[in-house]
Amino acid sequence: MSKRSGLLPPRPPRRHRYPGRLPADGRAALRGIVYVLRTNVSWRDVTAERTGCSGVTAWRRLRVWAEAGVWPRLHDVLLAELRKAGLLDMDDYTIDGSHIRALKRGAHTGPSPVDRARPGSKHHLIVDRHGTPLAVSLTGGNRHDVTQLTPLLDAIPRVRGLRGRPRHRPGPLFADRGYDKYRRILRARGITPKIARRGVPRGSGLAKTRWVGERTFAWLHQFKRIRIRYEIRPDLHLGLLQLACGIICLRRLRTSF
């Protein structure tokens with residue numbers, strides 16, 4: 001990410017008298033953040049010899065960029081590039097959620113119903129037909145998936161990349177039985193619900209399409225830092241989660257050429 005990209009916030013002007021040391025390079029700070037995201041080492045264990053800046057500097061830059069909304073903008077740019085390359089299929093979407101343990105509690109944590117009521121958080125995700133992440137959110141571990149249905153639909157960016165109106169509203173939406181009571185909300189938005197009904201025996205065939213959401217969670221959990229929530233501040237953990245989504249989009253772009 002360069003200054004010319006318009007993604008990074010402007011740096012404060014330097015003092016003429018006693019300006020101090022030059023701020024760390026943005027690329028070095030990003031290398032430090034990605035290194036922690038992939039390996040889950042402590043921020044204190046990141047050395048300048050390995051990434052070009054200290055781990056504390058990388059953490060500070062993560063905080064500043066998260067507060068400035070850099071990660072969602074980066075994700076939007078990569079989605080536009082995917083659509084321009086014909087690699088984004090937004091004809092139907094899949095929505096799902098996944099529990100993670102939260103070791104240090106903090107906001108957006110709660111007793112997890114799948115982990116003996118230990119404090120946990122939940123990742124909520126909506127993806128395209130190929131499993132490309134479109135929007136992600138973070139809640140407490142005791143929140144039901146359906147509470148994030150409307151917020152995730154509203155968080156889908158208006159993806160550019162081609163002439164005409166930006167793509168925003170999905171066609172069919174695939175989800176599990178937990179979303180069965182929300183068919184009316186989807187139809188009111190012009191979205192066709194593809195949801196297995198409660199009380200109906202399994203074998204509807206919808207799992208053949210919904211598995212892409214589970215695969216995307218597997219991709220995300222390859223980034224060891226977000227398998228378990230270590231950050232007390234929810235915006236920092238969400239920033240790492242959004243960065244991981246951007247890296248998945250970037251990998252898809254690179255493998256297509």
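Where is histidine 108 found? In this predicted model, select histidine 108 and you will see that it is found in the loop between strand E1 (93-102) and strand E2 (110-111). The phi of histidine 108 is near 60°, a positive value in a residue other than glycine. Most residues other than glycine have a negative phi. Colouring by accessibility shows histidine 108 as partly exposed, because its relative accessibility is 42%.

From histidine 108, move next to proline 234, which touches His108 as well as Ala107, Leu138 and Arg229, when residues up to four places away in sequence are not counted. Proline 234 has its place in helix H8, and if you draw a distance from its C-alpha to that of alanine 107 you should read 6.1 Å, although the two residues are 127 residues apart in sequence.

Staying with helix H8 (residues 234-255), now select helix H1 (residues 26-39) as well, and look at how the two pack, at an angle of about 95° and with their axes 11 Å apart. H1 and H8 are therefore roughly perpendicular to each other, since angles of 65 to 115 degrees are counted in that way. To view the contact itself, show the side chains of Ile33, Val34 and Leu37 in H1, which meet Leu240, Leu243, Ala244 and Ile247 in H8. By class, this contact of H1 with H8 has 7 nonpolar residues, with no polar and no charged ones.

Return now to the strands, and select the loop between E2 and strand E3 (119-127), where alanine 117 has its place. Here is another backbone feature to inspect, for the phi of alanine 117 is near 60°, which is a positive value in a residue other than glycine. In the loop between E2 and E3 you can also pick out serine 112, which touches Ala117 together with His99, Arg118 and Gly141, again leaving aside residues up to four places away in sequence. Is serine 112 buried or exposed? Serine 112 counts as buried, because its relative accessibility is 3%, under the 20% limit.

The next stop is aspartate 115, in the loop between E2 and E3, whose side chain meets that of arginine 101 in a salt bridge (3.0 Å, N to O). This pair links distant parts of the chain, for arginine 101 lies in strand E1 and the two residues are 14 residues apart. With a relative accessible area of 18%, aspartate 115 is buried, whereas arginine 101, at 35% relative accessibility, counts as partly exposed. Keep aspartate 115 selected and add arginine 118, because the side chains of these two residues also meet in a salt bridge (3.7 Å, N to O). Arginine 118 is partly exposed, with a relative accessible area of 35%.

For another pair, select arginine 183 and aspartate 180, whose side chains meet in a salt bridge at 2.7 Å, N to O. Arginine 183 counts as buried at 8% relative accessibility, and aspartate 180 counts as buried at 14%.

Finally, display Glu67, Arg233 and Asp235 together, and you will find them linked in a network of salt bridges. Across the model, the count comes to 10 salt bridges, among them those of aspartate 115 with arginine 101 and of arginine 183 with aspartate 180.

Definitions and conventions. Residues are numbered from 1 along each chain as its sequence is written. This is a predicted model: local features need pLDDT of at least 70, side-chain atom pairs count only at pLDDT 80 or more; totals for chains, interfaces and linings use all residues. Side-chain values use heavy atoms; hydrogens and water are left out. Helices (H or I, at least four residues) and strands (E, at least two) are DSSP runs, numbered from the N terminus. Buried means under 20% relative accessible area, exposed over 50%, partly exposed in between (1.4 Å probe, protein chains only). Contact means heavy atoms within 4.5 Å. Axes are lines fitted to C-alpha atoms, for helices over the stretch in contact, and angles run from 0 to 180 degrees between N-to-C directions. Angles under 35 degrees count as roughly parallel, over 145 as roughly antiparallel, 65 to 115 as roughly perpendicular and the rest as oblique. Ala, Val, Leu, Ile, Met, Phe, Trp, Tyr, Cys and Pro count as nonpolar, Asp, Glu, Lys and Arg as charged, and the others, Gly among them, as polar. A salt bridge is a side-chain nitrogen of Lys or Arg within 4 Å of a carboxyl oxygen of Asp or Glu.
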